[in-house]
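I opened my notebook to follow how the strands and helices of this structure are put together. Below I write down each thing I looked up, in the order in which I looked.

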Amino acid sequence: MPSSSIPITRKPAIETLVGGLLPLLSPFSYPRLPTDYAALLNSRWQKLATGAERLPAKLMAITSQTADSCSLELKPGVGWLGHRAGQFVNVHVNIDGVWHSRCYSISSSDQRRRRLQITVRATADGLVSNYLVHKAVAGERLHISQAQGEFVVPTKALAAPTRQNNTKRKLFITAGSGITPVMGILNSLSGADECEHIHYERDAERFIFSAALGELHQREDNQYSLHEVYTAADGERFSTQQLSAICPDWRQRDVWACGPATLLDALEQHWAEAGLSAQLRTERFQAQTVEVSADAEGGTALFAASGVSAAGAADEALLLVAERAGLKPEHGCRMGICHSCDCTLLAGAVRDLRSGQILNQTGTRIQPCVSAAAGPVQLDL
Ligand SMILES: Cc1cc2nc3c(=O)[nH]c(=O)nc-3n(C[C@H](O)[C@H](O)[C@H](O)COP(=O)(O)OP(=O)(O)OC[C@H]3O[C@@H](n4cnc5c(N)ncnc54)[C@H](O)[C@@H]3O)c2cc1C
Ligand code: FES
């Protein structure tokens, strides 16, 4: 493995101390993370909360799940603050001397403080996922961010659930590798929660965690029910009738859903029509963007720190434009949630591809992974 080109930041003693103390405050900070409050007190600690910080992590073990997926056991270095069930980390991997980062949900319990597990499915032609599934070896060194994300559930690792959380039963709807954050949640719940789980998969061979979830379903001492839908064997995709047949009391449940955009769009529409959007939480692995009108203007982007400029289309993320021009900007999720790519707008205007909104105030921090040029633009990249 070629040597690392991006050094891990050495933390001053005070930050190491703060990093060590913060996990102990979790029970008192709910529903926020202790890092959220630390960020308000000191801007240098903000890195802890935004996920821009990189920690070393050692790959301890790899367990095959299906022909195209595996779970990777990671041991984070000093400063790891733990996670809440359902969160994800940015994983930075060195492939042929170049660091690449992608987000992966944590599939292990939030009660495990010194280890975490991620579970990866190799996507067709995907660089990092294929590397992690087919080439990574135990003992390898990676970097990870602190845990991030709002797709979370109160568990016994946190303060006592609120009254509202106590009164609602839970419904999980997942498809494909969208099972991973929900596996992390199920691994973290105490067993007292009444959970219905609908999982969509093309066929049984592709079902990640099928053995573990089958076992959980069979256990008499818990209240978890798994409903598998195999779409290749004429299994119906999500519909209102199907939902009502499997889970008649869905209106009374808090819902966590993760899977492809088509499924999540259908769920959001269904819960909105029922006037119950507040009960549905979704986790997307890809950005939800608006359609950019055909006559919208792109522009030339000047990446001021490197002196490189390149033309970008009206619907083309400036991160892609920079990469096409040979730059290697810092990034993680590529969908506007992790803030690793944040940079400053020095001049001109950008279009936020998630909302269509135009941002043109000089000095605004923007996310080039979800922003396109709206006319000539200058960024401090
Ligand atoms: C919050 C979050 C959590 C995630 N958790 C997990 C997880 O637990 N397990 C997991 O396997 N993946 C997860 N992902 C997806 C993961 O981050 C990568 O996007 C995925 O592994 C593909 O990366 P790659 O380098 O292999 O593909 P790339 O080389 O980046 O892309 C190759 C091709 O695949 C397409 N592609 C990229 N991402 C996806 C995708 N997610 N689905 C379908 N096609 C895609 C691209 O458009 C491109 O054509 C998560 C993503 C986010 C944002
Ligand atoms: S890469 Fe995560 S916000 Fe841009």
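Before starting on the strands I noted what pairing means here: two strands pair if DSSP finds at least two bridges between them. I also noted that this is a predicted model.

**Entry 1, the hairpin.** I looked up strand β3 (residues 88-95) and strand β4 (residues 98-105), and found that they pair in the antiparallel sense over 8 bridges. Following individual partners, I saw that F88 has S105 as its bridge partner in β4, and that V89 stands opposite Y104 in β4. The hairpin of β3 and β4 has 2 residues between the strands, and D96 takes a positive phi near 50° there.

**Entry 2, the other partner of β3.** I then turned to β6, which runs antiparallel to β3 and is joined to it by 2 bridges; here H92 stands opposite H143 in β6. Is β3 enclosed or open to the outside? I noted that β3 is largely enclosed by the rest of the structure, because 6 of its 8 residues are buried.

**Entry 3, the antiparallel sheet.** Stepping back, I traced an open sheet of 6 strands with antiparallel pairing, in the order β4-β3-β6-β1-β2-β5. Its edge strands are β4 and β5 (116-121), each of which pairs on one side only. From one strand to the next, the twist averages 40°. Helix α5 packs on this sheet and touches β2 (69-76), β3, β4 and β5, with a direction that makes about 80° with that of β3. Helix α7 packs on the sheet as well, touching β3, β4 and β5, and its direction makes about 55° with that of β4.

**Entry 4, the parallel sheet.** I next followed an open sheet of 5 strands, with parallel pairing and the order β9-β8-β7-β10-β11. The edge strands are β9 (223-230) and β11 (280-283), and each pairs on one side only. Neighbouring strands are turned by 15° against each other on average, direction ignored. Within this sheet, β7 (residues 169-175) and β10 (residues 253-258) pair in the parallel sense over 6 bridges, and T174 has C258 as its bridge partner in β10. Helix α7 (residues 179-188) packs on this sheet, touching β7, β8 (194-201), β10 and β11, and its direction makes about 135° with that of β10.

**Entry 5, a loop residue.** Last, I looked up V137, which is found in the loop between α5 (127-134) and β6 (141-144). Why does V137 count as exposed? The reason is that V137 has 8 C-beta neighbours inside 10 Å, and a residue is exposed if it has 12 or fewer. The C-alpha atoms of V137 and A61 are separated by 7.9 Å, although these residues are 76 residues apart along the chain.

Note on methods
Residues numbered from 1 in each chain as written. Chains lettered and ligands numbered in written order. Predicted model: local features only at pLDDT ≥ 70, side-chain atom pairs only at ≥ 80, totals over all residues. Buried ≥ 20, exposed ≤ 12 C-beta atoms within 10 Å, placed from the backbone. Axes fitted to C-alpha atoms, helices over the stretch in contact; angles between N-to-C directions. Contact = placed C-beta atoms within 7 Å.
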